[in-house]
Amino acid sequence: MTQTASAPVGATGDPAAPTAGRRPRRARPRRGRASLGQALLWLGPALLLIFGVVVYPAVELVKASLSRYSITGLRKGDAGLDNYTNVLANESLGTVLTNTLVWVVAVVALTILISLGLAQFLTKEFWGRRIVRWAVIVPWAASLVITARLFSLIYSYYYGTLNAVLLKIGLVDTPIDFLGDDRWIMPSMIAVGVFVSIPFTAYVFVAGLHAIPTDVYEAARIDGASPWQIWRRITLPLLRPAILVATVLNMIYVFNSFPIIYTLNESNPGFSHDTTITFMYKLAFKSAEKDVGQSAAAGLFNVLLILVAVVIYLRVSRWREEEES
Amino acid sequence: MGTTTSRHTQAVRWGGLALGTAFALAACSGGTGAGTAGGGDSSGKKATTIKLVAAEYSKDHTKAFWDKFATDYKAKTGNTLEVQIVSWDDIDQQSSTMVQNNNPPDILNLNAYASYAKDDLLYSADDVLSDSVKSDLLEAFVKSGSYNGKMYGMPDLSSARAMFYNKKLFQQAGITAAPKTWDEFKADAKKVSALGNGAIGYGLPLGPEESQGEFSIWMFNNGGDWKKDGKWTINSAQNVETLSFLKSLSTDKLTQNNPGKTNRQDAFDLFASGKVGMVVGFSPLAATLDAAKKVDYGVAPMPTKADGGEPQTFGVTDYLMAFKKDGNKDAVKAFYDLYYQKDQVNSFIKAEGFLPVTKSGIEEFKSDTKLATYLETLPNAHLTPTDDPTWDKVKLAVQQNLGTAMTGDPKAVLDKLQKSAEAGG
């Protein structure tokens, strides 16, 4: 694992597929230059898309965050930075940020851990593997709103199947109020978050595991390495790219996850179990603020927050990589 | 190996940034697809197409009614009525987005109007209601639909609350008549709870869906109100007493689990499952119960705090408001003229299981003995102060905070609400 000078970035059209064994030479572009017109022709559709779904909404969002809105949604004039200061002054902001941190860290960490194990299992040959693989995909294929609704029924205090089972096997005497008891709400939501994040993550790891050449394992076995050593010294380091991709994407998905928290937290008043995403929504439409401007400001904070979180994560993981080498 | 890894890191970083931005922004700007079809913008010309955004009261009847109405409207006026039905969960968001994009519908069906009137977006009744229609509307609703002395909120239908009780549970608990006072009510709730086997004395929904409704009817029966003589009285002595009484029901375990986090629909569902002794309901609940035929229930006036007090009811009406747009006035007026024709408005109300908003409607509904309890009280029903734009925000604050009084201090909760109401929401 020696560190060589980094290869030129910007290889043409080569997506970041984790094909670990490929030589960089193949990806190096020819130096012939296309004319500006030609380049624009190729880039056009992508640029249009980026402008339409990223730049334009971003501009509108910034504009909205600097405007004063009536409760009806009517723009009343400029607000300066009032919306930003109001969001920062919101008495629930601390709770919401803590909730967000707990939610993202817990869901991502648990997802990665469970998926690592699951991926190992899924790459083994066994009877019915195909069925198990399909089964793992199902939570991913189902709409998040439907999954969340389903879980709100499973968790229900009076009719929930989970409580019925727990009571039946005598684990509890009285039903647990999974979605109403302050101690249980967050863990219950995290469980659902992990449930829907596992399929994607596990499949990224399955792909990563398949990309590891078998001769490395053979060599290790001949040298007398124990299974734990093999996993710790070979599998895990070679899975690094996959883990990195999975972590970053999951951080973003989970941070932006709306339906699970909104649905499972529906009957709880206030912001006590909201993350910054549902906080933003409630500011605009449900809470006493009912202010599109404040919500837009909160939205910009959200973008910053996830950007900073991702950059910090990448910094930290790169720093460790350099230390290892 | 090292090179590929660092290249991946780069790619992941930029990919991550782009994705993060895109998702976050997509999340923020969601719901802008409000449709661009609202006619009537062509300045100077008369609109021949108007758009109605209506709330979905029921899957079965709402769309069916408005579709038929649009056909009748076309036949009568030659104008086209575009109908968009939106669920109650989404309608606040949709209407807000439409106004924000400067593309409101011509007619909007909502449970609030005063903020829109305050923003000068609406036609008043003077512009779009015929005199015969206006004089037919019930006084209570004309009052609740008027902002600054002018009517802007035309009522589409109404409801009134009453106490529903489970006859079977009452019989098992040895209760012979519905409670008339709060003391009797509490004693009855105790008796039902004592039956065991999952029986719940009273279904108390103070969750965010509609806690202002539940609290309203109890406060009215203790002589309290949200506003009196133009001043907010949310934390009046009576109201603190009322909320403390509701809290005592919870602490004495006479209610379902966690009433501060129970939504109205959940309480109705529990009552419909036959577990609950009493619940405050309205005519659509009766329709559901009649259809399911599972619970034998009775309907009684609300118990009052004072012995021998006059039972008060809580009335609710929703509104059909008309947005000022160039050239749409005549088409909008024709809409109201048709809607308030007896065979239209009353058949809508009948299908949805609600109560009339017109004097002629009351006459027509009188023959229905099941509605007798509500109809008598309807003209004198208390409403929430929907005529004050501040209420639109206070209502949300109440929904998001009232439930916390079940585990916290009722007075502190009401003090806070009072303060925010006085500060203008």
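In this predicted model, the buried residues of helix α2 of chain B sit under a mixed cover that includes the strands β1 (49-55), β2 (80-86) and β13 (315-322), along with the helices α14 (329-339) and α15 (342-352), again of chain B. The residues tucked away beneath that cover are T62(B), F65(B), W66(B), F69(B), A70(B) and Y73(B). Looking down the axis of α2(B), these buried residues fall within an arc of 135 degrees, so they line one face of the helix. Flip to the other side of α2(B), and K68(B), T71(B) and A75(B) turn up exposed.

As for its length, α2(B) covers residues 62-77, and its 16 residues should span 22 Å at 1.5 Å a residue; the end C-alpha atoms are indeed 22 Å apart, so the two values agree. Just past the helix comes G78(B), with a positive phi of about 80 degrees.

Over in chain A, helix α5 takes in residues 129-141. From first C-alpha to last, the 13 residues of α5(A) reach 19 Å, close to the 18 Å expected at 1.5 Å a residue. Buried in this helix are R129(A), V136(A) and P139(A). Viewed down the axis of α5(A), the buried residues stay within an arc of 80 degrees, which means that they line one face of the helix. That buried set packs against two other helices of chain A, α4 (93-123) and α8 (182-210). On the face of α5(A) turned away from the buried side, the exposed residues are R130(A), I131(A), W134(A), V138(A) and A141(A).

How values were computed:
Residues numbered from 1 in each chain as written. Chains lettered and ligands numbered in written order. Predicted model: local features only at pLDDT ≥ 70, side-chain atom pairs only at ≥ 80, totals over all residues. Heavy atoms only, no water. Helix = DSSP H or I, 4+ residues; strand = E, 2+ residues; numbered from the N terminus. Expected span 1.5 Å × (residues − 1). Buried < 20%, exposed > 50% of the residue type's maximum accessible area, 1.4 Å probe, protein only. Arc of directions from axis to C-beta. Contact = heavy atoms within 4.5 Å.
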